[in-house]
Amino acid sequence: MQSTNHHPFTEGLLTWYRQHARELPWRQTQDPYAIWLSEVVLQQTRVAQGLPYYLKLLEVFPTVESLAQAEESVLFRHWQGLGYYSRARNLHKTAKLVVANFQGQFPTTYCELVQLPGVGPYTAAAIASFAFGEAKPVVDGNVFRILARYFGIETDILHSSARKEFTDVAMELIPQDQPAEFNQAIMDFGSLQCSPAPLCASCPLSLTCFAFQQKRIQDFPVKQKKAKQKNRYFNYFILEQGNQVLVRERKERDIWSGLWEFYMVESTQEEELESLLEMDDNLSIMLQSTSVQSLKSPKLHILSHQKIHCRAWHVQVPDNLDINELAGFQWIRPEDFEKLGKSVLLLNLITDNLHLEIFNDSMPR
DNA sequence: AACCCGGGGGT
DNA sequence: ACCCCAGGGTT
């Protein structure tokens, strides 16, 4: 059972895991597709947040073929609310690639897996070990934290050299005969025991943990402090004409690329409506000879590196005003708009204004 | 090497 | 208010 020659860390970790393993659905399978799907969903995402998305996605797309054949917009709609939307695009890319180039069979080695879109060192190691038993260590936020504490590693975990250094350490620790167990164990250990606020009093590894023995728990892991968030000002206009609203898909290299939104004017600071009209010719045309209603809206939407200040207005554009096609925009019926992926900010904006006739029971998700 | 990409929960 | 989460891609 307990093979010899394991590092004391590994021995203690695996013993701990036998008593504390979480029961998670993606641990009940060896299907590389399901494992890959779970790992992408869980990138920078807590288990509790990702779990319902994983279950739903696996239900809607039970095989890599079904995902490859799906419309990307359908995938985006299911990804809505999970964040980091480029994951969805790369997920689709890889599904099509696996079907077209690998006959629907995922490659079986780390080196091949890591070349797939959206599959980096962590995810490739996870799939390789969980599905194929390859002894590659996963190095995620948990592993950085645990190894930094246990071995007293002073390297800034945000430094570009950190991944290699920690991977080398983990490579020395991972048992060749049970890499999957080690990888699962270290992530549960990081989540349940050696968490950001660790439970050292009940930790079986504290006797040999550098940070604990030195009473320097607060010093590890070493991490550079991040800069302040950037402020942005999003001014949304729900432009309505003939039971349709003007919307567009965000396509530029920016937040929420691939999601849909109402007409929006971004400003560099809080602006009055009059100033916004001066800044945007199309808007000034559509708003002439009609009334504008100020809307309740989320005041602030916080992302990890941006603060979005939000205001919104409702405009009933006169039917006789002929709006020529605005590049990138289209008029759409609310019930069709509902089917498209939207940011949480926009969903909140809609929720705040369900009383508008244009939404009329068609919008709530 | 530096920067970008979400949303949510814990403390 | 700040931290961090089963990270990866782009420039």
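## Close-up views of a predicted protein–DNA model

**View 1. Gly118 meets the backbone of DNA strand C: one of its backbone N or O atoms lies 2.5 Å from a phosphate oxygen of the strand.** This is a polar contact, a pair of N or O atoms within 3.5 Å; within protein, one atom must be able to donate a hydrogen and the other to accept it, and residues adjacent in sequence count only if both atoms are side-chain atoms. The model is predicted: local features need pLDDT of at least 70, side-chain atom pairs count only at pLDDT 80 or more, and totals for chains, interfaces and linings use all residues. Residues are numbered from 1 along each chain as its sequence is written, chains are lettered from A and ligands numbered from 1 in the order in which they are written, and side-chain values use heavy atoms, with hydrogens and water left out. Gly120 also places a backbone N or O atom 2.8 Å from a phosphate oxygen of DNA strand C. For Pro121, a polar backbone atom is 3.4 Å from a phosphate oxygen of DNA strand C.

**View 2. The surface near DNA strand C takes in 27 residues.** A residue is near a strand if one of its heavy atoms lies within 4 Å of it. Leu42, Gly118, Thr123, Arg145 and Met187 come nearest. Helix H8 (121–132), H9 and helix H11 (179–192) each give at least two residues to this surface. Helices (H or I, at least four residues) and strands (E, at least two) are DSSP runs, numbered from the N terminus. By class, the surface holds 12 nonpolar, 9 polar and 6 charged residues. Here Ala, Val, Leu, Ile, Met, Phe, Trp, Tyr, Cys and Pro count as nonpolar, Asp, Glu, Lys and Arg as charged, and the others, Gly among them, as polar. Of the atoms of DNA strand C within 4 Å of the protein, 64% are sugar or phosphate and the rest are in bases.

**View 3. DNA strand B is surrounded by 20 residues.** Tyr84, Ser160, Ile255, Trp256 and Gln306 are the closest. Sugar and phosphate make up 60% of the atoms of DNA strand B that come within 4 Å of the protein. Gln44 has a backbone N or O atom 3.0 Å from a base nitrogen of DNA strand B. Thr45 uses its side chain: a polar atom there lies 3.3 Å from a base nitrogen of DNA strand B. A polar side-chain atom of His305 lies 3.0 Å from a phosphate oxygen of DNA strand B. The surface near DNA strand B has 7 nonpolar, 11 polar and 2 charged residues.

**View 4. The largest pocket has a volume of about 1,400 Å³.** H8, H9, helix H10 (162–173) and H11 are the elements that give two or more residues to its lining. On a 1 Å grid over the protein atoms alone, a cavity is a set of points where a 1.4 Å probe fits but cannot get out, and a pocket is an open set with protein on both sides within 12 Å along at least five of seven lines; lining residues have an atom within 4 Å of a point. Grid points are joined across faces, edges and corners, and a volume is the space filled by probe spheres set on the points. The lining of the largest pocket comprises 41 residues, with Gln44, Thr45, Asp140, Gly141 and Asn142 nearest the centre. H9 contributes the largest share, 5 residues. The lining divides into 17 nonpolar, 14 polar and 10 charged residues.

**View 5. The second largest pocket, about 630 Å³ in volume, is shown with its lining.** Of the 21 lining residues, Gly83, Tyr84, Tyr85, Trp256 and Leu303 are the closest to its centre. Domain 1 (8–219) and domain 2 (230–351) each supply at least three lining residues. These domain bounds come from an automatic or database domain assignment. Helix H6 (residues 86–102) gives the largest share of this lining, 3 residues. By class, the lining has 7 nonpolar, 11 polar and 3 charged residues.

**View 6. One cavity of 30 Å³ or more is found in a search of the whole structure.** The largest cavity encloses about 130 Å³ of space. Its lining has 16 residues, and Phe189, Cys194, Cys200, Cys203 and Cys209 are the closest to its centre. Helix H9 (residues 141–151) provides the largest share of the lining, 3 residues. The lining has 13 nonpolar, 2 polar and 1 charged residues.

**View 7. Two loops carry backbone features.** The peptide bond from Phe220 to Pro221 is cis, with omega near -5°. Pro221 sits in the loop between helix H12 (210–213) and strand E1 (230–241). Gln103 is not a glycine, yet has a positive phi of about 55°. Gln103 lies in the loop between H6 and helix H7 (110–113).
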